[in-house]
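Please look over the structure shown here, beginning with a surface feature and then turning to the packing of helices.

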Amino acid sequence: MDEKHAVETAREGAVRPFSEAQPAYEPAADMKAHNVSVDKAESEMAEEEEDLYRPLLMDANIPHEEDIVTIRAVVVGCILGSLVCASNLYLGLKTGFTFSANIFGAIFGYGILKFFERTGGKLPIIGGYFGPQENSIVQAAATGAGGTGGIFVAAIPAMYRLGVMGEGHSPKDDIGAIFTITIVASFIGLFYVTPLRKFFIIQVARELKLLFPTPTAVALTIRSMHAGAAGGVDAVKKLKCLMYCFVAAIVHRVGSYYAIGILYDWHPFTWIHIWSGYTSWALNIESWGWYFEWTPAFIGSGILIGLNPAISMFAGSVMAWAIIGPTLVHYGECIGIDISDGDPKWDGLYSFASLKNLGKVTPSPRYWLLWPGVMVMVCSSMAELFVQYKAIWAGAKSLWNQSCSGINNTLVARGKTSAFFAKHGAPKPKTADTVEDPFPEAQQVKNWMWGLGLLVTLVMGMIIFHFQWEMHPGLTILAIVLSFLFSFLAIQIGAVTDTTPLTAASKASQLIFGGATSGSHYTIAHAQKLNLAAGALASGGADVATALVSDFRTGFLIGTPPIKQWVAQAIGCFVSVWLGPGLFVLFTSAYPCIWEGESDNGPKCPFAVPSVSAWAAVAQAVTDPDVSIPLTSGIFAIVMGVVSMIQVVVRHYWMQGEREKYQQWLPNWGAIALSWVIPAPVFANAALLGAIIAALWKKYNMRTWDLYGYALAAGFIAGEGLGGVVGAILTLAGVDGGTYGSNIACPGNAC
């Protein structure tokens, strides 16, 4: 796979759900929205034919930057990352998707600090020259501050849904335990992955084709913004576009709370139902979630991911919520719940998304479809991993070589020798393609920094998980080991495909811990608590580790010393471990349905929490003998999992050479599976609209697309998320749309 093709591959998964699929999205999972200018990166490559496994050639007129970890850079980066953290919590709870802060931090940070630069040296701290390396510090701090939302849209609320945190407990009551699990999950990943920087970024990058499409595109964007007067003009245009879209999305989201059926959710089948004198056929279609939502975030995500994932996601929605689901209900395999509340005008309005009383009643189509969705996500991710077995073996050998080399160097420094470690740690002969680390030892992260941090976090983690989560220290170590292994695989796959398989990682950890606790005489509630806490630790650590290595890649290309980038991201990470829990408590206080669950006949919860439901369902399935997977669902899941794996093998081994051009027509199974997990097609509809807009835009005006496309998408995504935070504050203040707004044009008088 060459560099250009590697970047093209990223189009299949530029946005990430944190826990359900990390392709075009990451219902809180697998697809952690790698939302960057992939096409921009590709065009830069085509124009310059650079060796992207070496540092970029920067503008010769850029002055040397000495002190780049400035107060202004870190503070601005943390503020921007905090906005994305808040946005991710809202979007993740609503849809399961989270997005990276890298491009948002890079462009917005440029605009803010360039404005400060104009003050010259007149203002201490905030004035003075601003260059590309300091720009990379801003985006590193932003990435760190925006990156801990995943566990709050999946594992932690799932604990409350299952009632394993104690009777009557709310997130507000357990804020201390939530803080500590966040600290451990975040910093364990930060520390254990630090020594792997040189391995992934320099030593095996070319050999394993680790191009890191998203971080590379961020680096190219930073370079272009600092490329003389022309670059500055384009950067200002990008900034204005991002800012206008950001503000517009906030205003739209806040305003829509007061007229949601007019400004946000369009329910054409409900309108037909009303206009036709309350006939039921249109309401039946409405019940399956077929309406359109004017959500800037998912229109923006569609702009980022491209047509193939968007069409795949929409096709998956049609399969799930127009064919499979209705068929299951028709033949009695699944049931819906009447939510008309006895009002004859709304007779025929049903919910098909209940996950209550599993194992005791006939399941809903949502529960039936959950297992094929999870199976396909895991199988397709694992297949992508296994077809890269040669690269993984080469990576494992290289890691062994580097470990032996490090041990041998330590022995030699102490005047000792070891023939074994000297032999296996001997450096490979240099070739013309060999890349030397451009940063001297003084600019590297010192071993004692990450080593001491890892030791302290490990000990602290065992103590915290023992006393607060009642987890044996051995199980805590197992969770951390799994986190490291998942990180190693996720970084390598993500560097090639731009899709990090955190969904597969989280589900694998749940299955492993289900087996680890099955014979230990734990109560069901205790086993479920351990299952979710360990999964949060494993997937949260892998998430942070993947983000750090991605930022190391950006810094390597820009020329930012690793120690300075590491410090910036660590500070951002520290901010996020306090911000994330606080925002989670804010949302759960404003919307108790997030953690209590939605009443079948009560007010509609504005958050679908698909990742929460998936985590809770898996935890129940592996710990509760009364909860089983429907036989037909299991058979369908196995069949579709095999089909998705076969496609990966065919694409990798057969669709090469002359047949490679047909790869773009293959369905994206990660996106299809995601549609089976999300209990409505509404987000697929919005993403498809965004993808169509992007496709037409690129076809007819590529110049303006390169200039504005990704800035517009980033502004829409972050803006709607922050608008959701404002909405939570308005709800707590008692002045929200539910109090003063209107539900006109909504089904059942509630949107």
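**From a surface patch to a helix pair**

Ile274 is found in helix α12, and the model in which it is seen is a predicted one. At 30% relative accessibility, Ile274 counts as partly exposed, because that class lies between the buried limit of 20% and the exposed limit of 50%. Ile274 also belongs to a nonpolar patch on the surface, which it forms with Ile272, Trp275, Tyr278 and Trp281, and these residues together have about 550 Å² of accessible area. Helix α12, which covers residues 268–275, gives the most to this patch, contributing three residues.

We turn now to another helix. Pro581 lies in helix α23, which runs over residues 562–590, and its relative accessible area is 0%, so Pro581 is buried. Setting aside neighbours within four places in sequence, Pro581 is in contact with Phe152, Ile175, Ile178, Phe179, Thr182 and Ser576. One of these partners, Thr182, is 399 residues away from Pro581 in sequence, although the two C-alpha atoms are 7.8 Å apart in space.

Two packed helices are described by the angle between their axes and the distance between the axes. For helix α3 (residues 71–95) and α23, the axes come within 9 Å and cross at roughly 35°, and the crossing in which α3 passes α23 is right-handed. Residues of α3, among them Val74, Cys78, Cys85, Leu89 and Leu93, meet residues of α23 that include Ile571, Val575, Leu579, Leu583 and Phe587. Gly572 and Gly580 of α23 also take part in this meeting, as do Ser82, Ala86 and Tyr90 on the side of α3.

How values were computed
Residues are numbered from 1 along each chain as its sequence is written. This is a predicted model: local features need pLDDT of at least 70, side-chain atom pairs count only at pLDDT 80 or more; totals for chains, interfaces and linings use all residues. Side-chain values use heavy atoms; hydrogens and water are left out. Helices (H or I, at least four residues) and strands (E, at least two) are DSSP runs, numbered from the N terminus. Buried means under 20% relative accessible area, exposed over 50%, partly exposed in between (1.4 Å probe, protein chains only). Contact means heavy atoms within 4.5 Å. Patches are made of residues with over 30% relative accessible area and no salt bridge: like charges are joined within 9 Å, nonpolar side chains (Val, Leu, Ile, Met, Phe, Trp, Tyr) within 5 Å. Accessible areas come from the Shrake-Rupley method with a 1.4 Å probe; for residues, only the protein chains shown count as cover. A salt bridge is a side-chain nitrogen of Lys or Arg within 4 Å of a carboxyl oxygen of Asp or Glu. Axes are lines fitted to C-alpha atoms, for helices over the stretch in contact, and angles run from 0 to 180 degrees between N-to-C directions. A crossing is left-handed if the near helix is turned anticlockwise from the far one by less than a right angle, and right-handed if clockwise.
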